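The exercises below go from single residues to the whole chain. Please keep the sequence and the model at hand, and try each task before reading its solution.

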Amino acid sequence: MLINENKKIIFVTPYKTGSHSLGATIKGSRMVGHQHGTYTILKNRFPDLYNDVIENYTKYFVVRNPWSHAVSHYMHCIEKKQRPELFKPDYPEHKKNILKDFNSFVKSNFYKPQSQITFNDNLFVYDLAIKFEKLNEEMEKLCSELNIEYKKWNQNTGTDSKKEYFFGYEYPDDYRTMYDEESIDVVRQKSENEIKIFGYKFN
């Protein structure tokens, strides 16, 4: 979670929704509890701060197209810099096999849908949602409203040519090429709140 105690704002940032960029943009902010923490974690670790947040803070969270999010999360998991243990001799072969296949990944515990951090948390609450797809625009507007110097972030969709992925994979130009009917439906079921509330489609 990203918090700015001076401006009385807090952000819940699921995996692969720009948490590092938010931290760089919102000057004077800090991570509290965990980069991808929940309100339950906040209450358990910092009960006084949690009470203050619930009563006095504007509560944001970032949401992303679930199908795009799943592909980004998958490529993050097989990026050599992020998961060097994949090619170690003692790494379990069955886990490696799950990561070789995108369909297997989205059905496994490796995949962490956004709802795991947000809607599936019993204490989750928000005032405003920021769409990842318009993060620059929405953050510029928010910084203006809060009188914070705005620093445009460089959106990184995973296509950076310097990144290397296991299994000889390359980041797809179009996330939809990763899917078949089964994986489309798996992500739909795991992300029903994001799809229903924010109108996301597989397109």
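A residue is called buried under 20% relative accessible area, exposed over 50%, and partly exposed in between, with a 1.4 Å probe and protein chains only. The model is predicted, so local features need pLDDT of at least 70 and side-chain atom pairs count only at pLDDT 80 or more, while totals for chains, interfaces and linings use all residues. Residues are numbered from 1 along each chain as its sequence is written, and side-chain values use heavy atoms, with hydrogens and water left out.

**Exercise 1. Two residues with positive phi**

Find where N147 lies, and decide whether F167 counts as buried, partly exposed or exposed.

Step 1. Helices (H or I, at least four residues) and strands (E, at least two) are DSSP runs, numbered from the N terminus. With these elements marked, N147 is found in the loop between α7 and α8 (181-190), and F167 also has its place in the loop between α7 and α8.

Step 2. Most residues other than glycine have a negative phi. The phi of N147, however, is positive and near 60°, and F167, which is not a glycine either, has a phi of about 70°.

Step 3. The relative accessibility of F167 is 23%, and therefore F167 counts as partly exposed. For N147 the value is 69%, so N147 counts as exposed.

**Exercise 2. Building the sheet**

Work out in what order the strands of the open sheet lie, and which strands are at its edges.

Step 1. Two strands pair if DSSP finds at least two bridges between them. Strands of a sheet pair through backbone hydrogen bonds, either parallel or antiparallel.

Step 2. Strand β1 (residues 2-4) is antiparallel to strand β2 (residues 9-12), with 3 bridges between them, and I3 has I10 as its bridge partner in β2.

Step 3. From β2 the sheet continues to β4 through 4 bridges in the parallel sense, where V12 is partnered by F61. Strands β4 and β5 are also parallel and joined by 4 bridges, and here F61 has A129 as its bridge partner in β5.

Step 4. Taken together, the 5 strands form an open sheet of mixed pairing in the order β3-β1-β2-β4-β5. The edge strands, each pairing on one side only, are β3 (30-31) and β5 (128-131).

Step 5. Helices can now be added, where contact means heavy atoms within 4.5 Å, and where axes are lines fitted to C-alpha atoms, for helices over the stretch in contact, with angles from 0 to 180 degrees between N-to-C directions. Helix α3 (residues 47-56) packs on the sheet and touches β1, β2, β3 and β4 (58-63), making about 90° with the direction of β4. Helix α7 (residues 135-146) lies across β2, β4 and β5, at about 135° to β5. Strand β4 is mostly covered, since 5 of its 6 residues are buried.

**Exercise 3. The surroundings of K131 and S115**

Determine which ring the charged end of K131 sits over, and whether S115 is buried or exposed.

Step 1. A charge sits over a ring if NZ of Lys or CZ of Arg is within 6 Å of the ring centre and within 35 degrees of the ring normal. By this rule the charged end of K131 sits over the ring of Y200, at 4.9 Å from its centre, and K112 lies over the face of Y15, at 5.8 Å from the ring centre.

Step 2. K131 belongs to strand β5, and its relative accessibility of 28% is why it counts as partly exposed. Leaving aside neighbours within four places in sequence, K131 contacts V63, E138, F198 and Y200.

Step 3. S115, in the loop between α6 (102-106) and β5, has a relative accessible area of 1% and is therefore buried. With neighbours within four places again left aside, S115 is in contact with N120, D121, K190, N193 and E194.

**Exercise 4. The chain as a whole**

State how many helices and strands the chain has, and what share of its residues is buried.

Step 1. The chain contains 9 helices and 5 strands.

Step 2. Buried residues make up 46% of the 203 residues, and along its principal axes the C-alpha trace spans about 50 × 35 × 35 Å.

Step 3. Of the contacts with a separation of 6 or more, 73% are between residues 24 or more positions apart.
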